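Subject: Structure for you to look at, with notes

Dear colleague,

I am passing on the structure we talked about, together with its sequence. Please open it alongside this message, since the notes are meant to be read with the model in view.

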Amino acid sequence: MADVVIIGGGPGGYEAALVARQLGGRVTLVERRGLGGSAVLTDVVPSKTLIAAAEVMTKIRDAEELGLHLTGEDRRLGAAVGVDLGRVNARIRGLARAQSADIADRLRADGVRLIAGTGRLDGSQRVIAATKDGEEPLPADVVLVATGARPRELDAARPDGERIFTWAQLYDLDSVPERLVVVGSGVTGAEFASAYAALGVSVTLVSSRHQVLPGHDDDAARVIQQVFENSGMTVLNGARAVAADRHGDEVVVRLADGTAVAGSHCLMAVGAVPNTAGLGLEEAGVRLSASGHIEVDRVSRTSARGVYAAGDCTPVFALASVAAMQGRIAMWHSLGDSVAPLDLRTVASTVFTAPEIATVGCSQADIDSGVVRGLTMMLPLRGNARAKMQALTDGFVKIFCLPTTGIVVGGVVVAPSASELIHPLSLAVRNKLTVDQIAEAFTVYPSLSGSLAEAARRLHGHSSEQVLTY
Ligand SMILES: Cc1cc2nc3c(=O)[nH]c(=O)nc-3n(C[C@H](O)[C@H](O)[C@H](O)COP(=O)(O)OP(=O)(O)OC[C@H]3O[C@@H](n4cnc5c(N)ncnc54)[C@H](O)[C@@H]3O)c2cc1C
């Protein structure tokens with residue numbers, strides 16, 4: 001029976017632990033804060049639970065467009081619904097705690113030994129767990145490092161958890177901020193800006209690039225930028241924040257061009273740094289990149305024999321789903337099960353703004369740069385019958401396929417439930433389905449997914465690279 005020791009109980013670590021038990025390993029998992037990791041305690045679960053409340057507020061406001069109103073004197077639905085952020089956040093914290101406890105129960109039930117403490121490597125075949133009772137050496141045939149990442153902090157904008165926050169600290173707020181300055185317009189900044197604006201907060205989004213969501217599908221980012229601006233949010237493009245200071249009840253964010261933005265609160269969403277310092281990694285022969293990430297191959301092996309790594313501590317996509325897959329792959333590989341190397345060309349992900357942006361497979365940038373020779377078909381949702389009934393005006397579907405064969409290699413959906421609508425495209429990319437196969441499958445009439453079939457239909461027979469937009 002192989003001894004498997006896992007450091008870190010996020011999705012990278014706990015999913016691996018379950019697989020390792022299934023394959024007969026003797027598994028010990030060392031976690032210093034709580035099972036589920038940042039994904040459950042501070043990142044995915046809390047942010048998406050907050051967004052669940054924001055979505056309802058968006059629906060209430062949009063309902064006026066459908067002709068719905070209150071029967072009282074002030075007939076505006078939006079004006080009648082308030083947000084008790086203390087209760088919203090208490091629910092979020094409770095949900096996160098409960099999910100963390102569920103994961104711990106499941107691991108224990110499956111026979112994983114859980115140690116509450118901090119782990120570090122002592123060479124490549126031993127982990128030291130430091131607990132409140134002292135240090136315990138854990139011999140290991142296989143080690144998995146899945147220690148995740150933490151919010152990046154700027155020296156001149158130190159979060160204090162009262163007025164200047166990291167994303168992990170926001171859930172202690174018990175009333176809605178009056179004016180929130182969000183620094184950073186990547187996924188995290190954009191999601192929080194979108195959610196707080198929906199909850200009625202006056203939001204200023206400070207974006208160092210020409211458009212929000214740099215690195216994402218350009219057409220999708222343009223839609224979100226437009227929606228943000230139309231909702232009354234102030235978006236400062238090309239604005240680099242260099243400092244944030246507290247002045248009594250105010251936070252002043254200073255920009256590189258010498259100007260300043262004031263708010264009652266500030267969220268710093270300027271990226272993440274991997275938790276790889278002080279783990280004894282380099283001493284054990286584990287190579288780190290200049291950014292401090294653990295270098296891994298496609299079966300999660302590091303440069304040290306028997307030591308694997310998964311999740312945000314590696315430079316692979318920072319997604320819970322990818323972390324979990326890397327962790328499982330590490331166990332399948334190390335414990336001798338059949339394994340397919342990680343394939344990033346099939347990953348699906350979502351930016352949970354309103355509307356959501358969901359993507360899978362290759363990107364428009366891959367096609368534009370010639371990395372992938374492909375065709376693009378983009379259909380705005382405003383032509384879709386169901387979208388018209390629901391008064392949806394923003395959003396589109398986009399499919400990328402190979403010329404001649406019509407094999408689907410990627411796609412983008414911008415819509416309120418894009419995270420759900422992307423699944424047919426995800427299935428297509430994973431299974432190399434063609435646009436004709438998508439077009440031939442029935443979709444419900446009327447439905448937003450009808451636009452996916454329609455886009456696929458319009459790609460039928462096109463054989464040269466081009467962008468087709470209707
Ligand atoms: C605001 C936000 C929202 C997000 N939303 C999504 C989303 O919707 N969907 C999605 O797929 N991804 C999302 N992500 C990304 C996702 O959270 C990460 O990709 C995921 O958490 C990575 O999992 P992990 O196991 O690598 O690390 P983590 O979840 O960070 O877990 C690592 C664990 O290791 C522990 N640890 C660290 N060092 C030690 C040590 N020395 N000893 C013991 N324990 C240690 C930590 O306490 C932590 O519990 C979001 C991220 C953020 C910031």
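What follows is a short account of a strand, a helix and some backbone details. Please keep in mind throughout that this is a predicted model.

I would begin with strand β7, residues 142-145, which is covered on both faces: Val142 and Leu144 are buried on one side, and Val143 and Val145 are buried on the other. This strand pairs in the parallel sense with β1, residues 3-7, over four bridges, and within that pairing Val5 has Val143 as its bridge partner. A parallel pairing also links β7 to β18, residues 307-309, this time over three bridges, with Ala309 of β18 standing opposite Val145.

The second element to look at is helix α12, which spans residues 423-430 and in which Leu425, Ser426, Ala428 and Val429 are buried. Because these buried residues fall within an arc of 160 degrees when the helix is seen down its axis, they line one face of α12. Their cover includes the strands β19 (348-351), β20 (356-361), β22 (396-401) and β23 (408-415), as well as the helices α13 (435-440) and α14 (450-458).

Several of these covering elements are joined by loops that hold backbone details you may wish to inspect. As general background, most residues other than glycine have a negative phi, and most peptide bonds are trans.

In the loop between β19 and β20 lies Pro355, which is joined to Ala354 by a cis peptide bond with an omega of about 0 degrees. Pro446, in the loop between α13 and α14, is likewise joined through a cis peptide bond, here to Tyr445, and omega is about -5 degrees.

Two residues that are not glycines have a positive phi. Thr404, which has a phi of about 70 degrees, is found in the loop between β22 and β23, and because its relative accessibility is 72%, where over 50% is the cut-off, Thr404 counts as exposed. Lys432, with a positive phi of about 55 degrees, follows α12 and sits in the loop between α12 and α13; with a relative accessible area of 58%, Lys432 is exposed as well.

With best wishes

Conventions. Residues are numbered from 1 along each chain as its sequence is written. This is a predicted model: local features need pLDDT of at least 70, side-chain atom pairs count only at pLDDT 80 or more; totals for chains, interfaces and linings use all residues. Side-chain values use heavy atoms; hydrogens and water are left out. Buried means under 20% relative accessible area, exposed over 50%, partly exposed in between (1.4 Å probe, protein chains only). Helices (H or I, at least four residues) and strands (E, at least two) are DSSP runs, numbered from the N terminus. Two strands pair if DSSP finds at least two bridges between them. The arc is that of the directions from the helix axis to the C-beta atoms. Contact means heavy atoms within 4.5 Å.
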